[in-house]
Amino acid sequence: MSPTERTAWTSLGVGLTVLALKGAAWWLTGSTALFADMLETVVNVAAATAALAAVRYSAMPADENHPYGHAKVEYFSAVLEGTLILVAASLILQEAWQAWASPRAPDQPVAGLALSAVATVINGTWATILRRRGKRLSSPALVADAHYLMSDVVTSAGVIIGVGLVTVTGLLWLDPLLAGVTAVMILFSGWRLLRESVGGLMDEAVHPEDLARIRSLVSAEAMGAIEAHDLRTRRAGRITFVEFHLVVPGAMAVSEAHDICDRIETALKSTLGNAVITIHVEPEGKAKHSGVLVL
C-alpha cells in the first residue's frame with residue numbers, strides 16, 4: 001500500500017470517528033446548528049471515500065488506453081467533494097429555515113458541546129497532518145480533503161460558541177442563524193474546491209512560483225545550448241508535465257545535445273518530484289533570442 005493510499009484510509013477512519021461524535025452531539029441536543037455541523041461531516045466521510053478510490057485508481061501505471069497514466073482521476077474526486085458540499089449546504093439551509101420558524105432550546109447542551117469539541121480537536125489535528133502529507137505526496141485529492149477539514153474546524157468552533165451562547169442567553173434564534181451561517185461558509189468552501197479541480201481538469205499551467213522555478217532550472221542547467229523557448233506546463237494529479245524547445249548549435253553532436261537534455265531533466269525531476277519532461281531539440285536557426293533564455 002502506497003503512502004498516499006494509507007493516508008486516505010486513515011482520513012476515512014478519522015472521518016467516521018468524528019461523524020460518530022458529532023452525530024451523538026446532535027442526538028443529545030437536537031440543535032439545528034449541531035445538525036448542520038454533523039451533516040458537513042457526512043459530506044466529509046463521503047468525500048474521503050471518494051478520495052480513497054481516486055488515490056487507488058490514480059496509482060495504477062500507464063497503459064495502452066491511458067499512456068499518460070491515471071493521475072487526473074483525483075480531480076474528479078475533488079469535483080465530487082465540491083458538489084456534495086453544495087448539496088449539504090442546501091439541506092442545512094432548509095433545516096435552518098424550519099428551525100427559525102419554530103425555535104427550541106437544545107437538550108443536554110453541556111454533554112453535546114463536549115462531544116462536539118472533542119470531534120473538532122480531532123479534525124483540526126488531522127487536517128494539519130493531512131495538508132502536509134498531501135503537499136508532500138503531490139495529491140490533489142488529499143489536499144482538497146485537508147482544506148475542507150480545516151473549514152469544518154472553523155465552522156465547528158463557531159457552532160460550539162454559538163450553541164453555548166444559546167444555552168447561556170436563552171436566545172433561541174441564534175441556533176438556526178448559526179446553521180445558516182455554517183451553510184454559507186460551506187458553500188464558499190465548495191465553490192473554491194470546484195474552481196481548483198476544474199482548473200486541473202482544464203490543464204491549467206503550474207502556479208507562477210513553480211513556473212519561475214522551472215525557468216530558472218532550465219537556464220541554469222542548459223549550458224552549451226543557445227536558448228529554450230515555447231515552454232508549456234500543466235498538472236495532472238501528482239504529475240507535472242513540462243515541455244519546451246531547446247536550441248543548440250548546428251555543429252553540436254547529438255550525444256552532446258542529449259547530455260544537456262538529461263541534465264535538465266534530472267534537475268527538474270529532483271525539484272518537481274513526479275514529472276514528465278519533453279524536450280524538442282532544434283538547430284540554431286530556430287533561435288528567437290541569443291543566450292539561454294526560457295521564452
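A helix here is a DSSP run of H or I covering at least four residues, and helices are numbered from the N terminus. Arg 195 sits in one such run, helix α6, which covers residues 174-201. The model is predicted. This report looks at helix pairs and at a few single residues.

**Ser 31, between two helices**

Start with the loop between α1 (3-29) and α2 (32-58). Ser 31 is placed there. Is Ser 31 buried or exposed? Its relative accessible area is 0%, so Ser 31 is buried, the cut-off being under 20%. Which residues does Ser 31 touch, apart from neighbours within four places in sequence? They are Trp 26, Pro 106, Val 163 and Asp 175. The side chain of Ser 31 also has a polar atom 3.3 Å from the backbone nitrogen of Leu 34.

**α1 and its two partners**

On either side of that loop lie α1 and α2. These two helices pack at an angle of about 165 degrees. Their axes are 8 Å apart. An angle over 145 degrees counts as roughly antiparallel, so α1 and α2 are described that way. Their crossing is left-handed. The contact between them has 16 nonpolar, eight polar and four charged residues.

The other partner of α1 is helix α4, residues 109-136. At what angle do α1 and α4 pack? The angle is about 165 degrees, and the axes lie 8 Å apart. α1 and α4 are therefore roughly antiparallel to each other. α1 passes α4 in a left-handed crossing. By class, this contact holds 14 nonpolar, seven polar and two charged residues.

Which residues meet here? On the α1 side they include Thr 7, Val 14, Val 18, Leu 21 and Leu 28. On the α4 side they include Leu 115, Val 118, Ile 122, Trp 126 and Arg 133.

**Arg 133, in α4**

Arg 133 belongs to helix α4. It is one of the α4 residues that meet α1. Beyond neighbours within four places in sequence, Arg 133 is in contact with Thr 7 and Trp 126. Thr 7 is itself among the α1 residues of the helix contact. Now take another pair, Arg 133 and Val 143. They are ten residues apart along the chain, with 8.1 Å between their C-alpha atoms.

**α7 and α8**

A third pair joins helix α7 (residues 208-221) and helix α8 (residues 254-272). Their axes come within 9 Å and cross at roughly 145 degrees. What is the handedness of the crossing of α7 and α8? It is right-handed. From α7, the meeting residues are Arg 213, Ile 214, Leu 217, Val 218 and Glu 221. Their partners in α8 include Ile 260, Arg 263, Ile 264 and Leu 268. By class, this contact divides into eight nonpolar, one polar and three charged residues.

**Three more residues**

Ser 58 lies in helix α2. How far apart are the C-alpha atoms of Ser 58 and His 70? The separation is 4.5 Å, although twelve residues part them in sequence.

Arg 195, in α6, can be paired with Tyr 148. The two are 47 residues apart along the chain. Their C-alpha atoms are separated by 14 Å.

Asp 230 is in a strand, β1, which covers residues 227-236. Its phi is near 55 degrees. That is a positive value in a residue other than glycine.

**Exposure of the residues named**

The table sets out how accessible each of these residues is.

| Residue | Class | Relative accessible area |
|---|---|---|
| Ser 31 | buried | 0% |
| Ser 58 | buried | 5% |
| Arg 133 | partly exposed | 28% |
| Asp 230 | partly exposed | 36% |
| Arg 195 | partly exposed | 44% |

Why is Ser 58 called buried? Its 5% falls under 20%, so it counts as buried. Arg 195, at 44%, is partly exposed because that class lies between 20% and 50%.

Definitions and conventions. Residues are numbered from 1 along each chain as its sequence is written. This is a predicted model: local features need pLDDT of at least 70, side-chain atom pairs count only at pLDDT 80 or more; totals for chains, interfaces and linings use all residues. Side-chain values use heavy atoms; hydrogens and water are left out. Buried means under 20% relative accessible area, exposed over 50%, partly exposed in between (1.4 Å probe, protein chains only). A polar contact is a pair of N or O atoms within 3.5 Å; within protein, one must be able to donate a hydrogen and the other to accept it, and residues adjacent in sequence count only if both atoms are side-chain atoms. Contact means heavy atoms within 4.5 Å. Axes are lines fitted to C-alpha atoms, for helices over the stretch in contact, and angles run from 0 to 180 degrees between N-to-C directions. Angles under 35 degrees count as roughly parallel, over 145 as roughly antiparallel, 65 to 115 as roughly perpendicular and the rest as oblique. A crossing is left-handed if the near helix is turned anticlockwise from the far one by less than a right angle, and right-handed if clockwise. Ala, Val, Leu, Ile, Met, Phe, Trp, Tyr, Cys and Pro count as nonpolar, Asp, Glu, Lys and Arg as charged, and the others, Gly among them, as polar.
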